[in-house]
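Work through these exercises with the structure open beside you. Try each task before you read its solution.

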Amino acid sequence: MSEILRLAEPRKKGLLHLLFSRFFVIVLLILLQVALYVFLYGWLNTWIPFFSVLKVIFTVIVVIYLFNSSMDFSGKLTWMFIIAILPVTGAMFYFFTRMNLGHRKITRLVDNTINRTRNAILQPVGVLESLSGDSSGTADLVKYLNRSNCFPIYNNTDVTFFPSGEAKFAALLEELKKAEKFIFLEYFIIAEGYMWGKILEVLIEKAAAGVDVRVLYDGMCEISTLPPSYFKLLREKGIKAKAFSPIKPIVSTHYNYRDHRKILVIDGKVAINGGVNLADEYINQIERFGHWKDAAVMLKGDAVKSFTLMFLQMWNIDEKIPLYTPWLKDGGSVHKGTEGYVIPYGDSPLDDMLVGETVYMDIINRATEYVHIMTPYLILDGELENTLKFAAERGVDVKLILPGIPDKKAAFALAKSHYKRLIASGIKIYEYTPGFVHAKVFVSDDKKAVVGTINLDYRSLYHHFECATYMYRTKCIPDIENDFKETLSKCREVTYDTIKNEKLLYKLTGTLMKFIAPLM
């Protein structure tokens, strides 16, 4: 194996390194701020007369506000539990989160960006009209999606399904080498290693040849996988790079809102989307939780333009002079007459629309034969759980595949807390025996499918920037269903007996964590 290209020194381990790391400094400064708030609270409680009365009034006001808020019922129950246990502290914590301290600026910037580009891509003529009389509800879904952003529906787009990170990686490298004008990458996780090293070799070569290469990664990487200011190392190689919302030593609620998207766009002609990040475990180059099962799709044709816009919207959030037109003009369809319809779409945590959840529920509610789902996490609100149950109860074949080996045991315990109720409604649940399922896939009735970044948990549905590809009657949908069946053959079925014999720790953890599930 050739030497792996790395721009940064490998992370050192050990207590001494931790104590002098940026992570430790950030945590320490945040804890100091929290301690200051606690001190001020104690001081007020001791020295200001009638403060206890003010605390009660404040708590009552917060509870009234909570009951009248637009928050989903599960979230309200969680906050009521916290306030019941810690009346004043819980109320203050809730008030703090609702004030949105620290992310009002980014909310304003995102809103401005979306409003500026709402009509950046026109709906291709004749595509919506061709769905008139179609009973699938796809045309109605397009109308809904365009209330939140610019998400046209396209034909003339060829879609290839990748049933693994390895398949995506091979195609990604091949397509990168063909780039002539621009390469845009937006990923939740980038980690130096074999996968990123091979990609980086091509990116550096293309940047040197004059290709506009841009890399946007989530700022949490600078805590978990990359050194601080890794974007500067990329810039030294001619690559334009940014970290989205990097972690700073300030107490704020905006750290909750991460860029969980995975987008690659090349020359406006090719786009890749799905669950696969740019780290070695995603292609099973290293093993973390058994075999890593993932999925992605590659688009060629008209629909690529929407992923170009999504990337540029995120890139331009903090740009003084945002530019869109030069890149949105690139591409052009060479896939005339391609079968089916495609809608690339995104979801923002900073508006009032639960786009990711609504698209999933629309598929479930309109299914007549089956809905097959792969998801790494299953932390459901009441509405989504009832939607799944109702589909099964009216005769739809609802099957879910989850990991057999979890990456987060608390999340796995919460998933298991749903099992008994779902099975009682006729839903069949399976766990992937060889390892970890990271794919986010819906496929229904041999007609509809979604592949993207959106998990079935609160973090994806409420707190992250996400994206996905909705497909209707595209030629790759049988491939998606066949992959589901192939994966199913490697799974164990969850039954009443397996639930009864589940480890006590999982049962206790799931029961206790249920109270705070919406905060996870």
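The exercises below concern a predicted model.

**Exercise 1. Helix H18**

Task: Find which residues of H18 are buried, and work out where they lie around the helix axis.

Solution:
- Step 1. Locate the helix. H18 covers residues 477-488, which is 12 residues.
- Step 2. Check its length. The distance from its first C-alpha to its last is 17 Å, close to the expected 16 Å.
- Step 3. List the buried residues. They are Ile477, Ile480, Glu481, Asp483, Phe484, Thr487 and Leu488.
- Step 4. Look down the axis. The buried residues of H18 fall within an arc of 155 degrees, so they line one face of the helix.
- Step 5. Recall the general rule. An α-helix has 3.6 residues a turn, so residues three or four places apart point the same way.

**Exercise 2. Helix H14**

Task: Compare the end-to-end distance of H14 with the expected span, then say how many of its residues are buried.

Solution:
- Step 1. Take the expected value. H14 spans residues 355-366, and its 12 residues should cover 16 Å at 1.5 Å a residue.
- Step 2. Compare. The end C-alpha atoms of H14 are 16 Å apart, which agrees.
- Step 3. Count the cover. Nine of the 12 residues in H14 are buried, so the helix is mostly covered.
- Step 4. Name them. The buried residues of H14 are Val355, Gly356, Glu357, Val359, Tyr360, Met361, Asp362, Ile363 and Ile364.

**Exercise 3. Three salt bridges**

Task: For each of three salt bridges, give the N to O distance and say how covered the partners are. The pairs are Asp212 with Arg214, Arg288 with Glu281, and Lys416 with Glu502.

Solution:
- Step 1. Recall the cut-off. The side-chain nitrogen must lie within 4 Å of a carboxyl oxygen. By this rule, the model has 22 salt bridges.
- Step 2. Take Asp212 and Arg214. Their closest N and O atoms are 3.2 Å apart. Both residues are buried.
- Step 3. Take Arg288 and Glu281. Their side chains meet at 3.2 Å, N to O. Arg288 is partly exposed, at 48% relative accessibility. Glu281 is buried, at 10%.
- Step 4. Take Lys416 and Glu502. Their closest N and O atoms are 2.8 Å apart. Lys416 lies in helix H16 (residues 409-424), and Glu502 in the loop between helix H19 (496-500) and helix H20 (504-513), so this pair ties together parts that are 86 residues apart in sequence.
- Step 5. Finish the cover check. Lys416 is buried at 13% relative accessibility. Glu502 is partly exposed at 22%.

**Exercise 4. The surroundings of Lys300**

Task: Place Lys300 in its strand and find its side-chain partner in a polar contact.

Solution:
- Step 1. Place the residue. Lys300 sits in strand E9, residues 296-301.
- Step 2. Judge its cover. Buried means under 20% relative accessible area. Lys300 has 21%, so it is partly exposed.
- Step 3. Find the partner. The side chain of Lys300 makes a polar contact with the side chain of Glu175, at 3.0 Å.
- Step 4. Widen the view. A network of salt bridges links Glu174, Glu175, Lys178 and Lys300.
- Step 5. Compare sequence with space. Lys300 and Ile266 are 34 residues apart in sequence, and their C-alpha atoms are 9.9 Å apart.

**Exercise 5. Two positive phi angles**

Task: Ser245 and Asn284 both have a positive phi. Find the loop that holds each residue, and decide whether each is buried or partly exposed.

Solution:
- Step 1. Start with Ser245. Its phi is about 50 degrees, although it is not a glycine.
- Step 2. Place Ser245. It lies in the loop between strand E4 (240-244) and strand E5 (258-259). At 12% relative accessibility, Ser245 is buried.
- Step 3. Turn to Asn284. Its phi is about 60 degrees, and it is not a glycine either.
- Step 4. Place Asn284. It lies in the loop between strand E7 (270-274) and strand E8 (291-293). At 23% relative accessibility, Asn284 is partly exposed.

**Exercise 6. A nonpolar surface patch**

Task: Which residues form a nonpolar patch with about 360 Å² of accessible area together?

Solution:
- Step 1. Name the members. They are Val53, Leu54, Ile57 and Ile61.
- Step 2. Place one of them. Leu54 is in helix H3, residues 51-67.
- Step 3. Check its cover. Leu54 is partly exposed, with a relative accessible area of 48%.

Notes. Residues numbered from 1 in each chain as written. Predicted model: local features only at pLDDT ≥ 70, side-chain atom pairs only at ≥ 80, totals over all residues. Heavy atoms only, no water. Patch = residues over 30% accessible without salt bridge, like charges linked within 9 Å, V, L, I, M, F, W, Y side chains within 5 Å. Areas by Shrake-Rupley, 256 points an atom, 1.4 Å probe, with all protein chains shown as cover. Helix = DSSP H or I, 4+ residues; strand = E, 2+ residues; numbered from the N terminus. Buried < 20%, exposed > 50% of the residue type's maximum accessible area, 1.4 Å probe, protein only. Polar contact = N/O pair within 3.5 Å; in protein donor to acceptor, adjacent residues only side chain to side chain. Expected span 1.5 Å × (residues − 1). Arc of directions from axis to C-beta.
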